[in-house]
Amino acid sequence: LDERPSARAAGVAYYVVCEALANVAKHAGAAAVEVRAERVARDGGDLLRITVTDDGKGGADPDPGSGTGLYGLWDRVNAVDGTLMVDSPPGQGTAVTADIPWEA
């Protein structure tokens, strides 16, 4: 990143990465994981995009009753008007992407 996002955005991003990595360690059975951070320009204010991908077993469920912690991520990102996307087809790994307002 060419500069730091707001302290609140950075804090939410840190939480997302920590929780996503904990989920990979507990549930994915992955051999590899990648964490990316990028600034995305958009009308209405830039975003801090955090993406955590793994090559594990997939099938992650963001439902509150699933016990994966993904619902907690959604709740934290939503609190700063961000969005969280989970793509986790069974057998194909998981990608968790959080778009957090740069000036959250």
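Q: By class, which residues make up the lining of the largest pocket?
A: Sorted by class, the lining has seven nonpolar, six polar and three charged residues. The model is a predicted one.

Q: How much space lies in the largest pocket, and which residues are closest to its centre?
A: The largest pocket holds about 220 Å³ of space. It is lined by 16 residues, and those closest to the centre are Asn23, His27, Ala28, Ala60 and Thr94. Turning from residues to elements, helix H1 (7–28), strand E2 (47–54) and strand E4 (94–101) are the ones that each give two or more residues to this lining.

Q: Which element gives the most to the lining of the largest pocket?
A: Helix H1 does, with five residues.

Q: In what order do the strands of the sheet come, and is the pairing parallel or antiparallel?
A: The general idea is that strands of a sheet pair through backbone hydrogen bonds, either parallel or antiparallel. Here, four strands form an open sheet in the order E1-E2-E4-E3, and the pairing is antiparallel. The edges of the sheet are strand E1 (33–40) and E3, each of which pairs on one side only. Direction ignored, neighbouring strands are turned by 10° against each other on average.

Q: How many bridges join E1 to E2, and how many join E2 to E4?
A: E1 and E2 run antiparallel and are joined by eight bridges. Within this pair, Val40 stands opposite Leu47 in E2. E2 and E4 also run antiparallel, with eight bridges between them. There, Leu48 has Ile100 of E4 as its bridge partner.

Q: What joins E3 to E4?
A: Five bridges do, between strand E3 (residues 83–87) and E4, which run antiparallel. Two positions help to trace the register: Thr83 stands opposite Asp99 in E4, and Asp87 stands opposite Ala95 in E4. The hairpin of E3 and E4 has six residues between the strands, and in it Gly91 takes a positive phi near 80°.

Q: Is E4 largely enclosed or open, and why?
A: The reasoning rests on a cut-off: a residue counts as buried when its relative accessible area is under 20%. In E4, seven of the eight residues are buried, so the strand is largely enclosed by the rest of the structure.

Q: Which strands does H1 lie across, and which does H2 lie across?
A: H1 lies across E1, E2 and E4, and runs at about 10° to E2. Helix H2 (residues 70–78) lies across E3 and E4, and its angle to E3 is about 155°.

Q: Where does Ala104 lie, and is Ala104 buried, partly exposed or exposed?
A: Ala104 is found in the segment after E4. Its relative accessible area is 22%, which makes Ala104 partly exposed; the buried class ends at the 20% cut-off.

Q: What does Ala104 touch, leaving out residues up to four places away in sequence?
A: With those left out, Ala104 touches Ser6, Arg8, Ala9 and Val80. A backbone distance can be added: the C-alpha atoms of Ala104 and Gly82 are separated by 8.7 Å, and the two residues are 22 residues apart along the chain.

Definitions and conventions
Residues are numbered from 1 along each chain as its sequence is written. This is a predicted model: local features need pLDDT of at least 70, side-chain atom pairs count only at pLDDT 80 or more; totals for chains, interfaces and linings use all residues. Side-chain values use heavy atoms; hydrogens and water are left out. On a 1 Å grid over the protein atoms alone, a cavity is a set of points where a 1.4 Å probe fits but cannot get out, and a pocket is an open set with protein on both sides within 12 Å along at least five of seven lines; lining residues have an atom within 4 Å of a point. Grid points are joined across faces, edges and corners, and a volume is the space filled by probe spheres set on the points. Ala, Val, Leu, Ile, Met, Phe, Trp, Tyr, Cys and Pro count as nonpolar, Asp, Glu, Lys and Arg as charged, and the others, Gly among them, as polar. Buried means under 20% relative accessible area, exposed over 50%, partly exposed in between (1.4 Å probe, protein chains only). Two strands pair if DSSP finds at least two bridges between them. Contact means heavy atoms within 4.5 Å. Axes are lines fitted to C-alpha atoms, for helices over the stretch in contact, and angles run from 0 to 180 degrees between N-to-C directions.
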